[in-house]
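Student: I have a model on screen and want to test the labels people put on it. Can we go through them one by one?
Tutor: Gladly. Here it is.
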Amino acid sequence: MIQEDYIIKIIKKAMEFISKALGLAKEGDFLLSENILKDSYEDITGINLGTLMSLDIDSMNKLLGNNVGEIIVTAEYCKALGKVYKDQADLDNFIHYYKKGLYLMLSNYHRDLYEININILLLYGPIKGYLKNEKHMKILYDFMMDRVAYKKAIEVIFEILEVTDNSRDSILLGETFYAEVLSSSEETMKKAKWTYEEALVSKSEFEKIIKE
């Protein structure tokens, strides 16, 4: 209970700053918006956001000290800064912040917290097609499969195929996926909001790709 109260408190505090910063960005004051986000993040966590973003994911987790509240807050700031950069047409920084936030969330998705799960979905959507890290993409695939999100899982497999240039491991992943899907119960398919017919069409598309 104490940990849950702390997580709620730190997220609420962060969202107050984020809301203010995004409001300024909407008015076109991007520099002030960026400064508020970076300064408030350091005030809340004691960590310089620029330093954190320069690290790999394992080092980010280590610096955050396994603090769930700060991990979730970091994802919220990654989304906020990513949006500010996107509004400025700074695609590189937009993708950079969203990737970092997504990979950080994926490395912690085993915690199975709503705030982590929803952030994975919100960070992934806008940067589909820009993901290049096979390790984290496979974790993303596992995340989707754990939630019986078959349509999103195969979407990730297609992206992995592009990144790995149809490697045998990636092809096997796809073949295993379709074997599992086509042997799923009707109840599971209903939960996945997919039909066997749609899965078969998708499998044909997959087979065309791996033959190219």
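Student: What pattern does the protein chain follow, read along the sequence?
Tutor: The pattern is α-α-α-α-α-α-α-α-α-α-α-α. Keep in mind that this is a predicted model. Its secondary structure comes to twelve helices and zero strands. The C-alpha atoms fill a box of roughly 50 × 40 × 30 Å along the principal axes.

Student: How much of the protein chain counts as buried?
Tutor: Of its 212 residues, 45% count as buried. Contacts tell another part of the story. Among those with a separation of 6 or more, 62% join residues 24 or more positions apart.

Student: What makes Tyr97 buried or exposed?
Tutor: Its relative accessible area is 6%. Buried means under 20%. So Tyr97 is buried. Tyr97 sits in helix 6.

Student: Which residues is Tyr97 in contact with, leaving aside its neighbours within four places in sequence?
Tutor: Tyr97 is in contact with Lys38, Leu49, Met53, Cys78, Leu81, Gly82 and Tyr85. As for distance, the C-alpha atoms of Tyr97 and Leu123 are 9.4 Å apart, with their positions 26 residues apart along the chain.

Student: Leu123 belongs to helix 7. Which residues of helix 7 are buried?
Tutor: In helix 7, residues 114-124, they are Ile116, Asn117, Asn119, Ile120, Leu123 and Tyr124.

Student: How do you know on which side of helix 7 they lie?
Tutor: Look at the arc around the axis. They cover only 165 degrees, which puts them on the same side of helix 7. What covers these buried residues includes helix 5 (68-87), helix 6 (91-106), helix 8 (134-146) and helix 9.

Student: Glu115 is also in helix 7. Why is Glu115 called partly exposed?
Tutor: Its relative accessible area is 27%. The buried class is under 20% and the exposed class over 50%. The value falls in between, so Glu115 is partly exposed. Not counting residues up to four places away in sequence, Glu115 touches Ile11 and Ile72. The C-alpha atoms of Glu115 and Val73, 42 residues apart along the chain, are separated by 9.4 Å.

Student: What is Ala89 at 67% relative accessibility, buried or exposed?
Tutor: Exposed means over 50%. At 67%, Ala89 therefore counts as exposed. Ala89 lies in the loop between helix 5 and helix 6.

Student: What is the phi of Ala89?
Tutor: It is positive, about 65 degrees, although Ala89 is not a glycine. Most residues other than glycine have a negative phi. Asp112 is another case, with a positive phi near 55 degrees. Asp112 lies in the loop between helix 6 and helix 7.

Student: On to the rings. How many aromatic pairs does a search of the whole structure find?
Tutor: Ten.

Student: Why is the pair of Phe177 and Trp194 called tilted?
Tutor: The ring centres are 6.2 Å apart, and a pair needs them within 6.5 Å. The planes are at 45 degrees. Stacked needs under 30 and edge-to-face over 60, so this pair is tilted.

Student: What parts does this pair tie together?
Tutor: Phe177 lies in helix 10 (residues 168-182), and Trp194 in the loop between helix 11 (186-192) and helix 12 (196-211), so the pair ties together parts 17 residues apart in sequence. Both Phe177 and Trp194 are buried. Ring pairs link them with Tyr141, Tyr150, Phe158, Tyr178 and Phe206 into a cluster.

Student: Which residues does Ser202 touch, not counting those up to four places away in sequence?
Tutor: Ser202, in helix 12, touches Ile154, Phe158, Tyr178 and Trp194. At 6% relative accessibility, Ser202 counts as buried.

Student: How many cavities of 30 Å³ or more does a search of the whole structure find?
Tutor: One. Its volume is about 30 Å³. Gly129, Leu131, Lys132, Met137, Glu159, Glu162 and Val163 line it. The largest share of the lining, three residues, comes from helix 9 (residues 150-164).

Student: How do the lining residues divide?
Tutor: Into three nonpolar, one polar and three charged. Gly counts as polar, so Gly129 is the polar one.

Note on methods. Residues are numbered from 1 along each chain as its sequence is written. This is a predicted model: local features need pLDDT of at least 70, side-chain atom pairs count only at pLDDT 80 or more; totals for chains, interfaces and linings use all residues. Side-chain values use heavy atoms; hydrogens and water are left out. On a 1 Å grid over the protein atoms alone, a cavity is a set of points where a 1.4 Å probe fits but cannot get out, and a pocket is an open set with protein on both sides within 12 Å along at least five of seven lines; lining residues have an atom within 4 Å of a point. Grid points are joined across faces, edges and corners, and a volume is the space filled by probe spheres set on the points. Helices (H or I, at least four residues) and strands (E, at least two) are DSSP runs, numbered from the N terminus. Rings of Phe, Tyr and Trp (its six-membered ring) pair if their centres lie within 6.5 Å; planes under 30 degrees apart count as stacked, over 60 as edge-to-face and the rest as tilted. Buried means under 20% relative accessible area, exposed over 50%, partly exposed in between (1.4 Å probe, protein chains only). The arc is that of the directions from the helix axis to the C-beta atoms. Contact means heavy atoms within 4.5 Å.
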